[in-house]
Amino acid sequence: MNSQYYIGIMSGTSMDGADAVLIRMQGTQWQAALAHAFIPFSDGLRRELLALQNTGNNELHRSMILAQQLSRLYAEAVRQLLDQTGLTPADITAIGCHGQTVRHAPEHAYSIQLADLPLLAELSGIFTIGDFRSRDLAAGGQGAPLVPAFHQALFRHPEETRVVLNIGGISNISILPPDSDAFGFDTGPGNMLMDAWVQHIWHIPYDKNGEKAAQGKLLPALLERLLDHPYFTQPYPKSTGRELFSLDWLQSRLKTAGFAKTSETNATDFSERPEDVLATLLHYTARTIYDAVQQAAPGVKNLYICGGGIRNHTLMQHLEHLFAPQTTLHSTAQLNLDPQWIEAAAFGWLAACWINRTPSNPPRATGAHKACILGTGCYA
């Protein structure tokens, strides 16, 4: 069987931009990731996407216009990959496009990812596959996380259980036993609450390298108030998103924990330094990751990290402190895949599974009652 090229496209919960990765497959057998492109979202696009997290006027029209804008941006990422590699649309078997999640409601059996798949196919000239979560939801699953099957295909070890941790806007883990199916779940917030806080207080996109969090101190009472969220006592499989862990939710916790001076919460209404709140949010992300791993894979020796959170040095130091000495933390680069490329590459892999009529959802992770072929295809 000849090798085939696929492009995976992912824009995650952080809403910072779109990653696109060119991969090479032989059937459903992984061969290599070859090139990467990233296109940041404009401030305006990000604001409009965030606004769709809440109910508002004319949502249907706004969502369709945003789906078109996103698909034009995705098509530009595809063009950049083709320019990098000298390939043409005819060389690419398919695009796997995740789209941009704006609502995730598995309790109501739906999850909405914005993408205009026909437009992306038209603009790119490449067969396009998307809407990967709906089929799993129809089979009784959460529609998430979908990456454990991909992690299993690439990273499973024949003799030891490995854990893969993705720290995006939401953090999720994949447990890869040597002799049974992979499983996993969302552990809770990753970068999302930290990003929301620094955007609210300092009007910057994120805390680069965790520098502002490193200037703060832990607020134990606030941490305990945050850990009191019922999500953490739910059994897995489970998944979450901005619907549960929003800036509004954080501000309500600040008030009930006694850190707000008035009922009108803004940058000047807190009795604690904003750096201390940020440091506590960082501890919160690390603690909920640690607790989840201890619950699902106690005694694991090696944990491999991907996603944007790996660039937060303060967060990585705190995770190392929590997991030492039992568990060693690594970048997925040690498994030959750049941590920034992982999720986009996964959707290229899912596209290859669709083309080869191979089920790709991980029922043990999502809770679906059967394995399914995920996605919907659109011809160029």
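**Unusual backbone spots, ring pairs and a buried helix**

Proline 145 turns up in the loop that runs between helix 4 (133–138) and helix 5 (147–155). Helices (H or I, at least four residues) and strands (E, at least two) are taken here as DSSP runs and are numbered from the N terminus. The model is a predicted one, so to speak of a local feature takes a pLDDT of at least 70, and side-chain atom pairs count only at pLDDT 80 or more, while totals for chains, interfaces and linings use all residues. Residues are numbered from 1 along each chain as its sequence is written, and side-chain values use heavy atoms, with hydrogens and water left out.

Back to that loop: the peptide bond leading from alanine 144 into proline 145 is cis, with omega near -10°. A cis bond also joins tyrosine 236 to proline 237, where omega is about 10°. Proline 237 sits in the loop between helix 8 and helix 9. As background, most peptide bonds are trans, and most residues other than glycine have a negative phi.

That brings up some odd phi values. Aspartate 131, not a glycine, has a positive phi of about 55°; its place is the loop between strand 6 (128–130) and helix 4. With a relative accessible area of 34%, aspartate 131 is partly exposed (buried means under 20%, exposed over 50%, and partly exposed in between, with a 1.4 Å probe and protein chains only). Histidine 203 is not a glycine either, yet has a positive phi of about 60°. Histidine 203 lies in the loop between helix 6 (192–201) and helix 7 (211–214), and at 68% relative accessible area histidine 203 is exposed.

Next come the rings. Rings of Phe, Tyr and Trp (its six-membered ring) pair if their centres lie within 6.5 Å; planes under 30 degrees apart count as stacked, over 60 as edge-to-face and the rest as tilted. By this rule there are 14 aromatic pairs. One of them is stacked: phenylalanine 183 and tyrosine 236, at 5.8 Å centre to centre and with 15° between the planes. Phenylalanine 183 belongs to strand 9 (residues 183–189) and tyrosine 236 to the loop between helix 8 (220–227) and helix 9 (247–256), so this pair ties together parts 53 residues apart in sequence. Phenylalanine 183 is buried, at 5% relative accessible area, whereas tyrosine 236 is partly exposed, at 29%.

Phenylalanine 232 and phenylalanine 245 make a tilted pair, because their centres are 5.8 Å apart and their planes meet at 40°. Here phenylalanine 245 is buried, at 1%, and phenylalanine 232 is partly exposed, at 22%. Both belong to one aromatic cluster, made up of Tyr231, Phe232, Phe245, Trp249 and Tyr284.

Charges sit over rings too, which here requires NZ of Lys or CZ of Arg within 6 Å of the ring centre and within 35 degrees of the ring normal. Lysine 212 lies over the face of tryptophan 202, at 4.7 Å from the ring centre. The charged end of arginine 357 does the job over the ring of tryptophan 354, 4.7 Å from its centre. Arginine 357 comes just after helix 12 and takes a positive phi of about 55°.

What about helix 12 itself? Twelve of its 14 residues are buried, so helix 12 is largely enclosed by the rest of the structure. Among the buried residues are Ile342, Phe347, Trp349, Leu350, Cys353 and Trp354. For the 14 residues of helix 12 (residues 342–355), the expected span at 1.5 Å a residue is 20 Å, and the end C-alpha atoms are indeed 20 Å apart; the expected span is 1.5 Å times one less than the number of residues.
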